[in-house]
Amino acid sequence: MTNSRGICSETNSPQNHLAEPRMTTVASNLLYSTLRERIVEHVFVGDALRELWRLGVYDLEVLRSEFDAHGYDLVMARGKIVRHIQFKTGTQKKPGTVSLSRSLAEKPSGCAIWIRLNPDLGMGPSFWFGAAPGQRLAALDGYPNSRRVTPNKTGVRPIRKNHHEVPGAAFVPRSTLREIVADLFGHLPPTLVVEDSE
């Protein structure tokens, strides 16, 4: 836009728009944490299904939880192996203490996957916490209880009786998605494809 003298106004100049401050990564992570978690979940599912496709596995089931009330975000199943998966994310190089629900250990084969995120939501590496395919997660009672993030009126952060603090050292580093897929399902024979005969 120009003024009466034909001089471009600084307010609407293209350079000024480019200079507008962006929300910091820390602020966006706090304000849009739910969106971030959804993106991670969707990307993981897509990448995992693509990896399985490359292995000739086409008969995997994916089920989503409507809300995180039972300690998991996602269910992936193939045959008799049913995995209840809890996703955790962070921007540090490796996981610190991770809060997990006791309910996760009550599932047939619960597990947790911690994924490192960079500022543009690039994912990896990942860290694995779980038992062998088809086996229950070890009881979490041996770990201390978590505390709520926000304090109560007296300034105390109440204990979350059904959540436990699992140390980051309990998570095993994984450099590739194929390793995570192997942790989830073990050896995966290709899907037997039977063509319909006319």
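Colleague: Let's start with β6 and β9: how many bridges join them?
Modeller: This is a predicted model, by the way. In it, β6 and β9 run antiparallel. Trp128 stands opposite Val172 in β9. As for the bridges joining β6 to β9, there are three.

Colleague: Which strands sit at the edges of the open sheet?
Modeller: The sheet has six strands with mixed pairing, in the order β1-β2-β3-β5-β6-β9. An edge strand pairs on one side only. That gives us β1 (61-64) and β9.

Colleague: And what angle does the direction of α5 make with that of β3?
Modeller: Helix α5 covers residues 177-185 and packs on the sheet. There α5 touches β2, β3, β5, β6 and β9. Its direction makes an angle with that of β3 of about 140°.

Colleague: Which residues of α5 are buried?
Modeller: Look first at what covers them: the cover includes α3 (33-54) as well as strands such as β2 (74-78) and β5 (111-117). Right after the helix comes Gly186, with a positive phi near 70°. The buried residues of α5 itself are Ile180, Val181, Asp183, Leu184 and Phe185.

Colleague: Phe44 and Phe87 form an aromatic pair; is it stacked or edge-to-face?
Modeller: The structure holds four aromatic pairs, and here's one of them: the centres of Phe44 and Phe87 are 4.9 Å apart, with 65° between the planes. Phe44 is in helix α3 and Phe87 in strand β3, 43 residues apart. Planes over 60 degrees apart count as edge-to-face, so at 65° this pair is edge-to-face.

Colleague: Is Phe44 buried or exposed?
Modeller: Its partner Phe87 has a relative accessible area of 5%, and Phe44 has 4%. Buried means under 20%, so Phe44 counts as buried.

Technical notes. Residues are numbered from 1 along each chain as its sequence is written. This is a predicted model: local features need pLDDT of at least 70, side-chain atom pairs count only at pLDDT 80 or more; totals for chains, interfaces and linings use all residues. Side-chain values use heavy atoms; hydrogens and water are left out. Buried means under 20% relative accessible area, exposed over 50%, partly exposed in between (1.4 Å probe, protein chains only). Helices (H or I, at least four residues) and strands (E, at least two) are DSSP runs, numbered from the N terminus. Contact means heavy atoms within 4.5 Å. Rings of Phe, Tyr and Trp (its six-membered ring) pair if their centres lie within 6.5 Å; planes under 30 degrees apart count as stacked, over 60 as edge-to-face and the rest as tilted. Two strands pair if DSSP finds at least two bridges between them. Axes are lines fitted to C-alpha atoms, for helices over the stretch in contact, and angles run from 0 to 180 degrees between N-to-C directions.
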